[in-house]
Amino acid sequence: MRLENNNKIIHICFIAPKAYPLFNQQAESVFGGAEVDLYYLATELARDKQFQVSFIVADYGQAAMETIENVTIIKSLDFRKNALTCARRTWQALRRADADIYFIKTASPGVSLVDWFCRRNKRVFIYRTAHQYECDGTYLKHHYFSGRAFARALRRAGLVIAQNQTDQVNLRRTIGISSQVISNGHRLPDLSACRRDHILWVGRTADFKKPELFIKLAREFPDEKFVMICQRATGDDNYDSLCGQAAEVDNLEFHQRVPFHEIDGYFQRAKLLINTSDSEGFPNTFIQACKWATAVVSLGVNPDGFLDKYSCGISCDGRFARMREAVKRLLADDCYMEPGRNGRKYVEDHHDIRKIIEQYKDIFRRIHLPAMFRNMPASSFDTISLL
């Protein structure tokens, strides 16, 4: 069933509690690639007057509602409160948004809450995957009850969007749903000549990111400067120990936090971006590196084999020894320059937010429910599908 109303303003509400620091540089708190992805989508979509855009974030002490970059920011849960209070405040924020379409990313109990809200209020629910483990069955295996609720929510969604084709295949295999693949979108700056003087790692201390391996790598190349921008992951009790390990390496410059608006400078001056994760979705740091023509060396993450297919860097099949050799090879005679140039061409073709947002606009127009359909019984919504 195809539903269109090209004359009506379509209201999209994004939900990402930890995204507020991307809108307000004064809010110093941890965020990840999922938040960056939705921030770019929301702010780019808000440039189009056919769309009204709101964004639900957590309570960082800001006003209940404010407008930043043409996006209405709505305050919701407080991470310091109990789960019931957080759910209630999130529900209130969803009601306050009063959107046509609600869009959330990253597996959590909040996905089921948004699904329930949309079904109860006859609104459209869209989910975008954030990590490989949401798609390959890992999340379902390790979260028995919430995992099954998550799977039910995805089966009832108006649309599920995957970051890469591998995740798309896995979603069909593990949850039995169809999905649409759309790449992460970024703003692409103009390139200018810049001295490259370090090897870079950017992320937070989530277990799957294995930041300790970057410290180990820095010890292997004492004549090279290594820069590590590493936020404490939520609930990480070993962060101070990691900081102590980093401090013992003379050629390693460690930053606990760099404001988002300053991060591009580090990518621009990097010879290589190192990724030590054992699994991810499609890391935004890969796109950040490529848009600054910085080659990527990845321990194991290589979505749809793009590093090899587009010659943007080297994937090391999970072997640290191979990573060490890849770094050595790319540093010799500045060999990192060519994959860096290839990476820039790759993001221009596949990750330009100006192109990506047009895919989303087409989806939102087609999936949008005109007001007349709001009175349909909830059971009718099960037959409505974009795919």
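Trainee: Which residue lies over the face of Tyr-144, at 4.0 Å from the ring centre?
Mentor: In this predicted model, a charge sits over a ring if NZ of Lys or CZ of Arg is within 6 Å of the ring centre and within 35 degrees of the ring normal. At 4.0 Å from the centre of the Tyr-144 ring, the residue that fits is Arg-148.

Trainee: Before we go on, what pLDDT do local features need in a predicted model like this?
Mentor: Residues are numbered from 1 along each chain as its sequence is written, and side-chain values use heavy atoms, leaving out hydrogens and water. Totals for chains, interfaces and linings use all residues, side-chain atom pairs count only at pLDDT 80 or more, and local features need pLDDT of at least 70.

Trainee: And which residue lies over the face of Tyr-266?
Mentor: Look for a charge sitting above that ring. At 5.2 Å from the ring centre you'll find Arg-269.

Trainee: Back to Tyr-144: is its ring pair with Phe-145 stacked or edge-to-face?
Mentor: Rings of Phe, Tyr and Trp (its six-membered ring) pair if their centres lie within 6.5 Å; planes under 30 degrees apart are stacked, over 60 edge-to-face and the rest tilted. There are 28 aromatic pairs by this rule. Tyr-144 and Phe-145 have ring centres 5.0 Å apart and planes at 85°, so their pair is edge-to-face.

Trainee: Are Tyr-144 and Phe-145 buried or exposed?
Mentor: Buried means under 20% relative accessible area and exposed over 50%, with partly exposed in between (1.4 Å probe, protein chains only). On that scale, both Tyr-144 and Phe-145 are exposed.

Trainee: What about the rings of Tyr-39 and Tyr-40: what kind of pair do they make?
Mentor: Tyr-39 and Tyr-40 are both buried, and they belong to a ring-pair cluster that includes Phe-14, Phe-23 and Phe-364. Their ring centres are 5.6 Å apart with planes at 50°, so the pair is tilted.

Trainee: Let's turn to the strands. How many residues of strand β10 are buried?
Mentor: Helices (H or I, at least four residues) and strands (E, at least two) are DSSP runs, numbered from the N terminus. In β10, Phe-226, Met-228 and Cys-230 cover one side, while Val-227, Ile-229 and Gln-231 cover the other, and all of these are buried. The strand is largely enclosed by the rest of the structure, because the buried count for residues 226-231 is six of the six.

Trainee: Which residue of β10 is the bridge partner of Trp-201?
Mentor: Two strands pair if DSSP finds at least two bridges between them. β9 (residues 198-204) and β10 pair in the parallel sense over six bridges. Within β10, the partner of Trp-201 is Met-228.

Trainee: Which helix joins β10 and β11 in a right-handed β-α-β unit?
Mentor: A crossover is right-handed if, with the strands pointing away from the viewer, the path from the first strand over the helix to the second runs clockwise. β9 and β10 make such a unit with helix α9 (residues 212-220). For β10 and β11 (residues 252-255), the helix is α10.

Trainee: Which strands are at the edges of that sheet?
Mentor: The open sheet has six strands in the order β11-β10-β9-β12-β13-β14, with parallel pairing. An edge strand pairs on one side only, and here that gives β11 and β14.

Trainee: At what angle does helix α14 run to β12?
Mentor: Axes are lines fitted to C-alpha atoms, for helices over the stretch in contact (heavy atoms within 4.5 Å). Angles run from 0 to 180 degrees between N-to-C directions. Helix α14 (residues 320-331) lies across β9, β12, β13 and β14, and its angle to β12 is about 170°.

Trainee: In the eight-stranded sheet, which residue of β6 stands opposite Ile-104?
Mentor: That open sheet has mixed pairing and runs β3-β4-β2-β1-β5-β6-β7-β8. Strands β5 (residues 101-105) and β6 (residues 124-128) pair in the parallel sense over five bridges. Opposite Ile-104 stands Tyr-127.

Trainee: Last one: what is the relative accessibility of Asp-317?
Mentor: Asp-317 lies in the loop between β14 and α14, and its phi is near 55°, a positive value in a residue other than glycine. It counts as exposed because its relative accessibility is 53%.
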